[in-house]
Amino acid sequence: MKLDAIDLRILEAIQADGRITKLALAEKAGLSPTPCWMRLRKLEKAGIVTGYHARVAVRRVAPVANVMMEVTLGNHRQADFERFERAIATIPEIVGCWSVGGGVDYILKVVAADIDAYQRLVDALLERELGIDRYFTYIVTKTVKEEMVLPLGSLLPQVSAG
């Protein structure tokens with residue numbers, strides 16, 4: 001789907017405020033409410049808008065340990081990657097998983113109640129024999145930046161003025 005400047009304004013507005021009213025969204029997009037809403041629905045149907053979420057300040061609710069984890073598999077057949085990825089997808093504490101190039105196969109973001117809970121999660125992964133050869137743990141001591149809003153204006157400079 002080719003996006004234009006109006007689509008970009010809609011996407012930027014809903015990223016900043018997923019609860020924006022139809023009227024406020026239309027104003028930000030420079031459209032009347034009905035055509036704006038129709039465009040938003042089109043973006044949703046195209047799979048460009050994949051959902052609406054609330055950001056929860058989890059540390060205001062409970063103390064947690066944020067951990068980044070590097071994982072290298074022992075074998076690199078497609079079946080090995082698929083088995084690992086299927087298992088990871090089922091674990092709620094693993095809130096992010098990226099397959100990466102370079103010296104490791106995956107980088108995981110884990111949110112656990114504490115370091116002991118994280119270690120129990122790792123032990124359970126190892127017991128499942130998912131092919132993990134090595135893993136490295138990095139405890140997050142301070143979040144410097146964790147932005148959920150994508151910089152669409154700089155990522156999509158070719159968007160037409162519409």
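These notes cover the sheet, the helices packed on it and one residue of strand 1 in a predicted model.

1. Sheet order. The model holds an open sheet of 4 strands. Their order is 2-3-1-4, and the pairing is antiparallel. Strand 2 (94-99) and strand 4 (132-139) are the edge strands. Each has a single partner strand, so one side of each lacks a neighbour in the sheet. From one strand to the next, the twist averages 20 degrees.

2. Strands 1 and 4. Strand 1 covers residues 65-73. Strand 1 pairs with strand 4 over 7 bridges, in the antiparallel sense. For a reference point in this pairing, take glutamate 70: phenylalanine 136 of strand 4 stands opposite.

3. Helix 4. Residues 78-89 form helix 4, which packs on the sheet. Helix 4 touches strand 1, strand 2, strand 3 (106-112) and strand 4. The direction of helix 4 makes about 15 degrees with that of strand 3.

4. Helix 5. Helix 5 (residues 115-127) also packs on the sheet. Its contacts are with strand 1, strand 2, strand 3 and strand 4. Here the angle is given against strand 4: about 170 degrees between the two directions.

5. Asparagine 66. Is this strand 1 residue buried or exposed? Asparagine 66 has 13% relative accessibility. The cut-off for buried is under 20%, so asparagine 66 counts as buried. What does asparagine 66 touch, leaving aside neighbours within four places in sequence? The contacts are Arg59, Val110, Val111, Tyr138, Ile139 and Val140.

Key
Residues numbered from 1 in each chain as written. Predicted model: local features only at pLDDT ≥ 70, side-chain atom pairs only at ≥ 80, totals over all residues. Heavy atoms only, no water. Pairing = 2+ DSSP bridges. Axes fitted to C-alpha atoms, helices over the stretch in contact; angles between N-to-C directions. Contact = heavy atoms within 4.5 Å. Buried < 20%, exposed > 50% of the residue type's maximum accessible area, 1.4 Å probe, protein only.
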